Amino acid sequence: SKAHQEEEVSVKTAEEEAAEEEEIKKRSRELAGIGFRLAATGQYEKAVGFFTDAIKHHPKEFRLFGNRSLCYERMQQYEKALRDADLALSLEPGWIKGLFRKGKALCGLKRYYQASLVYLEVMDLDGSSVEARQELKRAQTLHLMEMGFSWAESSKALETHTTMEKAIEWLFDEVLVFLLSASACRKLFPVWAGVLAPSVTYAMLHQLFSRAGTVYSIKMLLEQQCAFVNYTKEEACVRAVQGFNGMVVEGAPLTVRYPSPTGVTDPCRSRECFFWRTTGCTRSDCTFKHDPNHKGVDRDR
C-alpha cells in the first residue's frame, strides 16, 4: 500500500541518516587520531588544526576541546586554552581531565587563586589524586609569590598550615614582624594600602608607589585586600599617604595610611569587608565579614 511504502522510505531515510552520522564521527576520530600523534611529538600547532577539523565533524565531543586546550596551553596561548577547557566542561561538567586543563590555563594566565579553586574541585571529586595535590600546591605557591613572598616563605607557610587562608594569615603576621624589625634595623618606612581590586598586580603597585620615592619592598596580601609598601625614606612615605590616599585603582578607591593607626580597626587583620565598613558592599558572594555593628563606620576616614 501507499502508506506502507512511505513507512519504508521513512525507515530507510532514518537508517541512512544514522549511517551518515556514524561516518562523520568516524572521520572525526580519524582526524583526532592524527592530532594525538602530532601532539605526542610536540607539533602542537599542526595538532590544533586537526583537532579543529575533528570538532567541526563532531562538535559535541567534549574530549576534542580538552585535547585542543592542552595544545594551546603548551603553545602558551592561555586564553584559548581556557576557552576550550570551559567548552569541554560545559559539555561534560565535572570532567576531571577538563578541570586539569582549566587549572593549567588559569596558571598560565597568572590567575593562581582561581586555579587553586579548580584543583580543590578536582580533589573533591578524586581525593586520591596525587597530581591534583601537586598542582594545587604549585598554584598556591605561585599565588603567594605573586603577592611578593619568596618561594621559601610561600612553601613554608603552605607546609605548616592546612589551608591557604591560614597560610596567608601566618604570612601576614610575619610581614608585620618583618616591617617592624626592618624599619628599626634598616630605617625603612612602611605604608598600608587597602582595598586592592583583584586585577591589581605587583607591577602596578610598584609603578604607582615609586612616584613617591624609592620602594624597598612590597608585600601583597590579595585575599586580605591589602599590601604593605616599604620605603627607604620617611618623606616618600609621607608623600605616598598624602598623594595616593583616595585614588581609584582598577575601579576601587585606594586607602593609603600608616600601618595599624590608632582608632581604626584594620579590615585587613579582621578580614572585614572594606566596602561594608565604608561605602557599602553590594556583592552577594562576598567572602569577607559583614558585621552589622560596623556598617559604614569608616565612611568618613
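**Helix packing, ring pairs and two odd loop residues**

Reader: Let's start with helices α4 and α5. At what angle do they pack?

Author: Bear in mind this is a predicted model. Helix α4 (residues 78-91) and helix α5 (residues 96-108) pack at an angle of about 155 degrees, and their axes are 8 Å apart.

Reader: So is that roughly parallel or roughly antiparallel?

Author: Roughly antiparallel, because anything over 145 degrees counts that way.

Reader: And which hand is the crossing?

Author: Left-handed, as α4 passes α5.

Reader: OK, switching to aromatics. How many aromatic pairs are there?

Author: The count comes to four. One of them is Phe36 with Phe51: the ring centres are 5.5 Å apart and the planes sit at 75 degrees, so this pair is edge-to-face.

Reader: Which parts does that pair tie together?

Author: Phe36 is in helix α1 (residues 2-40) and Phe51 is in helix α2 (residues 44-57), so the pair ties together parts 15 residues apart in sequence.

Reader: Phe51 first, then: buried or exposed?

Author: Phe51 is buried, with a relative accessible area of 1%. Phe36 is partly exposed, at 44%.

Reader: What about the rings of Phe209 and Phe244?

Author: Their centres are 5.2 Å apart with planes at 80 degrees, so that pair is edge-to-face. It links distant parts of the chain, with Phe209 in helix α10 (residues 202-209) and Phe244 in helix α11 (residues 234-244), 35 residues apart. Both Phe209 and Phe244 are buried.

Reader: What sits over the ring of Trp192?

Author: The charged end of Arg257, 3.9 Å from the ring centre.

Reader: Back to the start of the chain. What does UniProt list for residues 28-61?

Author: An unreviewed UniProt entry lists "repeat: TPR" there. In the model, residues 28-61 are 79% helix and 0% strand, and the end C-alpha atoms are 9 Å apart.

Reader: Now backbone stuff. What's with the phi of Gln76?

Author: It's near 65 degrees, a positive value in a residue other than glycine. Most residues other than glycine have a negative phi. Gln76 is in the loop between α3 (62-74) and α4, and it is exposed, with a relative accessible area of 58%.

Reader: And phi of Lys110, what's that near?

Author: Near 65 degrees, again a positive value in a residue other than glycine.

Reader: Where is Lys110?

Author: Lys110 is in the loop between α5 and α6 (112-125). At 55% relative accessibility, Lys110 counts as exposed.

How values were computed:
Residues are numbered from 1 along each chain as its sequence is written. This is a predicted model: local features need pLDDT of at least 70, side-chain atom pairs count only at pLDDT 80 or more; totals for chains, interfaces and linings use all residues. Side-chain values use heavy atoms; hydrogens and water are left out. Rings of Phe, Tyr and Trp (its six-membered ring) pair if their centres lie within 6.5 Å; planes under 30 degrees apart count as stacked, over 60 as edge-to-face and the rest as tilted. Helices (H or I, at least four residues) and strands (E, at least two) are DSSP runs, numbered from the N terminus. Buried means under 20% relative accessible area, exposed over 50%, partly exposed in between (1.4 Å probe, protein chains only). A charge sits over a ring if NZ of Lys or CZ of Arg is within 6 Å of the ring centre and within 35 degrees of the ring normal. UniProt positions are given in the numbering used here, feature names are shortened, and annotations may be inferred rather than shown by experiment. Axes are lines fitted to C-alpha atoms, for helices over the stretch in contact, and angles run from 0 to 180 degrees between N-to-C directions. Angles under 35 degrees count as roughly parallel, over 145 as roughly antiparallel, 65 to 115 as roughly perpendicular and the rest as oblique. A crossing is left-handed if the near helix is turned anticlockwise from the far one by less than a right angle, and right-handed if clockwise.
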